[in-house]
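Notebook open, model loaded. I want to look at the pocket lining first, then step back to the fold as a whole.

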Amino acid sequence: MADFTSEDTNKLSDQALITQFITTEDQRYFNELYGRFAHLVEAICIQYVENKQDSQELTQVIFEKVSKQINEAPIQDFANWLFVVTRNTCIDTIRSRRRKRRWLNSYSIEQRRPDLFRENEVNWQLRDAPLTQRIDLLPQAIEELSALQQQCIKLFFTEKNSYQEIADLLGITLSEVKSHLQNGKRRLKSILIKLQQEASK
């Protein structure tokens, strides 16, 4: 195995640094990745938390997470993978903070109830399929949706966020949230029907 000096690490590609870090567990390689991307991660974080100190702390949390997850699955594009980890961590952080101050939320249960009933239609559209089959096929079907459709559906149905909360979390407009939910629901129904037909053959 090649013995890289400190001067050599900055000449390696991101992928080579990942390979060396996983193989040798030498912190130098991860430190080089940190040096290349920490300022970019912090720039993304500050868009979510709007506070420099919080964004710096969140950057450290993200890189601790990255160091543990980096060898769990093949990474084809480190920059893109890191962006996804950063965005998801920021969203999870904001969601956690909002739970702690939920009682301050101006969107009451009465305001959210129409949305919940309207979008809950997707559950009734699946009622003809056996329960166990719906559960088995749903994760696979959701994977075929666009990234924003997946996020909107998860935030609405799983996390019980309102339209406005989702718009704030994802940095998109209220109409875009409604569009992604509506189109995602329509596509999800179509995909589930297809998967159910394939599974029954």
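I started with the chemistry of the lining of the largest pocket in this predicted model. I sorted its residues by type and got five nonpolar, three polar and five charged.

Next I asked which residues lie closest to the centre of that pocket. Of the 13 lining residues, those are Asn88, Ala147, Gln150, Gln151 and Lys154.

Then I looked up which elements give two or more residues to the lining. I found helix 5 (78–100), helix 8 (131–143) and helix 9 (147–158). Helix 5 supplies the largest share, with six residues.

I also noted the volume of the largest pocket, which comes to about 290 Å³.

On to the whole protein. How many helices and strands does the protein have? I got 11 helices and zero strands. Reading along the sequence, I wrote the pattern down as α-α-α-α-α-α-α-α-α-α-α.

I checked burial after that. Of the 201 residues in the protein, 35% are buried, taking under 20% relative accessible area as the cut-off.

For the surface, I have an accessible area of about 12400 Å² for the protein. Carbon and sulfur atoms account for 51% of that surface.

Last entry: contacts along the chain. I took the contacts with a separation of 6 or more, and 60% of them are between residues 24 or more positions apart.

How values were computed. Residues are numbered from 1 along each chain as its sequence is written. This is a predicted model: local features need pLDDT of at least 70, side-chain atom pairs count only at pLDDT 80 or more; totals for chains, interfaces and linings use all residues. Side-chain values use heavy atoms; hydrogens and water are left out. On a 1 Å grid over the protein atoms alone, a cavity is a set of points where a 1.4 Å probe fits but cannot get out, and a pocket is an open set with protein on both sides within 12 Å along at least five of seven lines; lining residues have an atom within 4 Å of a point. Grid points are joined across faces, edges and corners, and a volume is the space filled by probe spheres set on the points. Helices (H or I, at least four residues) and strands (E, at least two) are DSSP runs, numbered from the N terminus. Ala, Val, Leu, Ile, Met, Phe, Trp, Tyr, Cys and Pro count as nonpolar, Asp, Glu, Lys and Arg as charged, and the others, Gly among them, as polar. Buried means under 20% relative accessible area, exposed over 50%, partly exposed in between (1.4 Å probe, protein chains only). Contact means heavy atoms within 4.5 Å. Accessible areas come from the Shrake-Rupley method with a 1.4 Å probe; for residues, only the protein chains shown count as cover.
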